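Subject: Structure handover

Hello,

Here is the structure I said I would pass on. My notes on it follow below.

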Amino acid sequence: MSVSLVVWGLVIYVLVSFIVAYISRTGQSASMSDYFIGGRSMGGVLSALSYSATTYSAFMMIGLAGLTFKGGVGALGFEIVYFAGVSLVAIFGPRFWAVGKKYGFVTPYEMLGTRYGSRWVAVAAGLVSLVFLIPYSAVQLSGVGYLLSGMTGGGIPFLWGVVISTVLAIIFSYVAGIRSVMWTDSLQALMMIVASVLVCGLVLIELGGFSGLFGAIQATKPELLQVPGPGLFSFTTFLGLTIPWFFFAISNPQVSQRLYMPASLKALRRMLVIFLCFGFVYTVVSVLWGFSAFVAFPDLEKGDLATSALLSSDFVPPVLGVMVMVGILAAAVSTIDSILLTLSSVFARDVWSNVTGGTSDERQLFIGKLIIPFISVVSLVFAAMEFSMIAILSVAASVGLLVTVPAIIGAFFWRRGTAAGALVSILGGVAFVVWMYLTGNKLFGLNAGVLALPVSTVLFVAVSLVTKPNMKAADEFVEASVSYKKSKLPQGMPAPAE
């Protein structure tokens, strides 16, 4: 594809996004709540589009398409498990929202620190997110690099794509904090879904429709359509990939933090419904995209190049190809700037403030803004290493965050859980995950993705049972977490038993 056409597409996208980001500025965003969670005043549609753009990043049209190209129908099962995991938002979303409103939480780890009555629980969880989300940010940057380089035949080098997306993410984060990110996310989500569906339809027509596409796969490599696929997936590998993905909605703080943002429970529910519809369509499109790339270009060296190969081919009109490219770039940037804001708020509020003995809200905001470029540069350096298979690396990053899940579930559903239990499960779980990856990621034939959750759960339960819980803090927290139920009851009706 012509480099000049790609560049013009980038220029138009950047200009429109800057205008949207600038218009989104309201007030001075002078507090942590305003800057990082929009003052808890976001509507359902805006929240849903932003949630979609943040969740469905470069992983989908590049990573999931590449995984489908290499692993066949198993990739669809992998993503469907994540889709099923979104049901956790129906359980935890109202509870996050209720305690966030009650206590004024800005980050999910601040919530854990309050529930367990220990600032060190917040510090430990915050450090874990800083360690494991930087590689996930790098995955998004790498996705843009592969995309631009592949579409232009190297005319735009991989590293340039990484730098462009990094700079855009920093700028959008600084313009107005989460407000500019959410408005630009919404623009990007609409661009993603419209362009990808349109172009996927055109490619399918060129390949002879569904019958032509799957007939060609059946004739050349039928194992792509058979469970578990042509060698990439085994049962344990599949479990190791899908377990972290199932809990993504509550384990990844850039996602769970958004549960604090809707203005009301009604807005939260609308966010979830729209997100589910968006996600279903985008999942089907990404999988079809991977299958289409296999039929058109079966000899590609890397699965992650499947999307760029299709977009720069004769199957797709150049203008539409650029539209999809911009949509994928926008998806990656939306995830990166969301992660930048989340990690900077976690560092300022959960790590810096707790380690230094407490700082003012204004000081935390200053520290949060200050750390954004540093996190960006570290992610850029990581992306420049050009790790292969974006989907696999994305899940590997989520495995590390999985160790916070027992403490999060226990916060709402097990009053007996203690600060010591939460702390040991997080630190011990991370030590176990790192040890697994350093020693070959196999124990009893199972990998870290399978074992991380049960190991951290056992640590949480065992240590909690032999240490003393803070029952007062637990009772107050759990009571606040179900207060949304009581607010909906008719006058005079008793609250349900908990």
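**Notes on the model**

Val128 sits in helix α8, which runs over residues 119–151. Please bear in mind that the model is predicted. With a relative accessible area of 5%, Val128 is buried. Apart from its neighbours within four places in sequence, Val128 is in contact with Gly400, Leu401, Val403, Ile426 and Val430. Tyr13 is another matter: 115 residues separate Val128 and Tyr13 along the chain, and their C-alpha atoms are 34 Å apart.

Val20 gives a second example. This residue belongs to helix α1 (residues 3–23). Val20 and Trp183 are 163 residues apart along the chain, and 6.7 Å separates their C-alpha atoms. Once neighbours within four places in sequence are set aside, the contacts of Val20 are Trp183, Thr184 and Leu187.

**The chain as a whole**

The chain has 24 helices and 0 strands. Its radius of gyration is 22 Å and the globule rule gives 23 Å for 498 residues, so the chain is as compact as a globular protein of that length. The C-alpha trace spans about 65 × 55 × 50 Å along its principal axes. Of the 498 residues, 57% count as buried. Among contacts with a separation of 6 or more, 85% are between residues 24 or more positions apart.

**The core**

The largest nonpolar core has 155 residues, and Leu112 and Met325 touch the most other members. Helix α17 (residues 318–355) supplies the largest share of this core, with 19 residues. Beyond its neighbours within four places in sequence, Leu112 is in contact with Val121, Ala125, Ala407, Ile408 and Ala411.

Three of those partners, Ala407, Ile408 and Ala411, are among the buried residues of α20, together with Val405, Pro406, Gly410 and Phe412. Helix α20 covers residues 405–413, and 7 of its 9 residues are buried, so the rest of the structure largely encloses it.

**Two kinked helices**

How far does α6 reach from its first C-alpha to its last? For its 17 residues the distance is 25 Å, close to the 24 Å expected at 1.5 Å a residue. There is nevertheless a kink of about 35° in α6 at Gly93, shortly before the proline Pro94. Both Gly93 and Pro94 are buried, and other buried residues of α6 include Leu88, Val89, Phe92, Arg95, Phe96 and Trp97. After α6 comes Gly104, which has a positive phi near 75°.

Helix α18 (residues 361–383) has 23 residues and should span 33 Å at 1.5 Å a residue; its end C-alpha atoms are 33 Å apart, which agrees. In α18 a kink of about 30° lies at Ile371, shortly before the proline Pro373. Ile371 is one of the buried residues of α18, as are Gln364, Leu365, Ile367, Gly368 and Ile372.

**Aromatic residues**

How many aromatic pairs does a search of the whole structure find? The number is 18. One of them is Phe105 with Tyr260, a tilted pair at 6.5 Å centre to centre and 50° between the planes. Phe105 is in the loop between α6 (87–103) and α7 (108–116), while Tyr260 is in the loop between α14 (253–256) and α15 (265–296), so this pair ties together parts that are 155 residues apart in sequence. Are Phe105 and Tyr260 buried or exposed? Both are buried.

Another pair is Phe347 with Trp352: the ring centres are 6.3 Å apart and the planes lie at 40°, so this pair is tilted. Phe347 is partly exposed, with a relative accessible area of 21%. Trp352 is partly exposed too, at 32%.

Phe105 and Tyr260 also belong to one aromatic cluster, whose other members are Phe92, Phe96, Tyr103, Phe412, Phe413 and Phe477. Phe92 and Phe96 are buried residues of α6, and Phe412 is a buried residue of α20.

**One residue to look at**

Phe444 is not a glycine, yet its phi is positive, about 55°. This residue lies in the loop between α21 (419–438) and α22 (448–465). Phe444 is exposed, with a relative accessible area of 77%.

Regards

Terms used:
Residues numbered from 1 in each chain as written. Predicted model: local features only at pLDDT ≥ 70, side-chain atom pairs only at ≥ 80, totals over all residues. Heavy atoms only, no water. Helix = DSSP H or I, 4+ residues; strand = E, 2+ residues; numbered from the N terminus. Expected span 1.5 Å × (residues − 1). Bend = angle between axes of the 7 residues up to and from the residue. Buried < 20%, exposed > 50% of the residue type's maximum accessible area, 1.4 Å probe, protein only. Core = buried A, V, L, I, M, F, W, Y, C linked by side-chain atoms within 4.5 Å. Contact = heavy atoms within 4.5 Å. Phe/Tyr/Trp six-rings, centres within 6.5 Å; stacked < 30°, edge-to-face > 60°. Rg over C-alpha atoms; globule rule 2.2 N^0.38 Å.
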